[in-house]
Amino acid sequence: MEFIILLIIVVAVLVLPLKMAASMMGARNTGAFYCLFALLLAVIIQHFVGGLIPGVTEQYGLLITIPLAAIAYMLVLGTGFLKAIVIALVQGLITIALTLLLGSFLATV
């Protein structure tokens, strides 16, 4: 039971920021399943490209990750590439904020 609750929390912390960022930027498809599929596609693309480019440092990895996630968001969420880059950046900021908020909430309990 605890595993299912943890899985729901993790999916909510990952999908909710993308849904909020896509709504803010005016993407065509902003449903929860569209956002979940976009995240899964972004992870698959990043894993595939990461296997092609060995030895990428953390700094260069971040520069590669954002455009790759933007490609997945562009394809699934129905938006342009530049809007998808902004969605990826806003989603990252919202995810960090939600993670800090959830962590501080759990630390007080």
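The following exchange examines the terms applied to this predicted model.

Me: Why is L36 called partly exposed?
Reply: The relative accessible area of L36 is 30%. Buried means under 20% and exposed means over 50%, with partly exposed in between; L36 therefore counts as partly exposed. The residue is placed in helix α2.

Me: What makes α1 oblique to α4?
Reply: The axes of α1 and helix α4, residues 81-108, cross at roughly 140° and come within 8 Å. Roughly antiparallel requires an angle over 145 degrees, while 65 to 115 degrees counts as roughly perpendicular. The value of roughly 140° belongs to neither class, so α1 is oblique to α4. As to handedness, the crossing in which α1 passes α4 is right-handed.

Me: Why is L98 described as partly exposed?
Reply: L98, a residue of helix α4, has a relative accessible area of 25%. Because buried means under 20% and exposed over 50%, L98 is partly exposed.

Me: How far apart are L98 and V13 in sequence and in space?
Reply: In sequence, 85 residues separate L98 from V13. Their C-alpha atoms are 6.8 Å apart in space.

Me: Which residues form the nonpolar patch on the surface, and which element gives the most to the nonpolar patch?
Reply: The patch is formed by F3, I4, L7, I8, V11, F33, L36 and L40, which together have about 830 Å² of accessible area. Two or more residues come from each of α1 (2-25) and α2 (32-52). With five residues, α1 gives the most.

Methods:
Residues numbered from 1 in each chain as written. Predicted model: local features only at pLDDT ≥ 70, side-chain atom pairs only at ≥ 80, totals over all residues. Heavy atoms only, no water. Patch = residues over 30% accessible without salt bridge, like charges linked within 9 Å, V, L, I, M, F, W, Y side chains within 5 Å. Areas by Shrake-Rupley, 256 points an atom, 1.4 Å probe, with all protein chains shown as cover. Salt bridge = Lys/Arg side-chain N within 4 Å of Asp/Glu carboxyl O. Helix = DSSP H or I, 4+ residues; strand = E, 2+ residues; numbered from the N terminus. Buried < 20%, exposed > 50% of the residue type's maximum accessible area, 1.4 Å probe, protein only. Axes fitted to C-alpha atoms, helices over the stretch in contact; angles between N-to-C directions. Parallel < 35°, antiparallel > 145°, perpendicular 65-115°, else oblique. Left-handed = near helix turned anticlockwise from the far one by under 90°.
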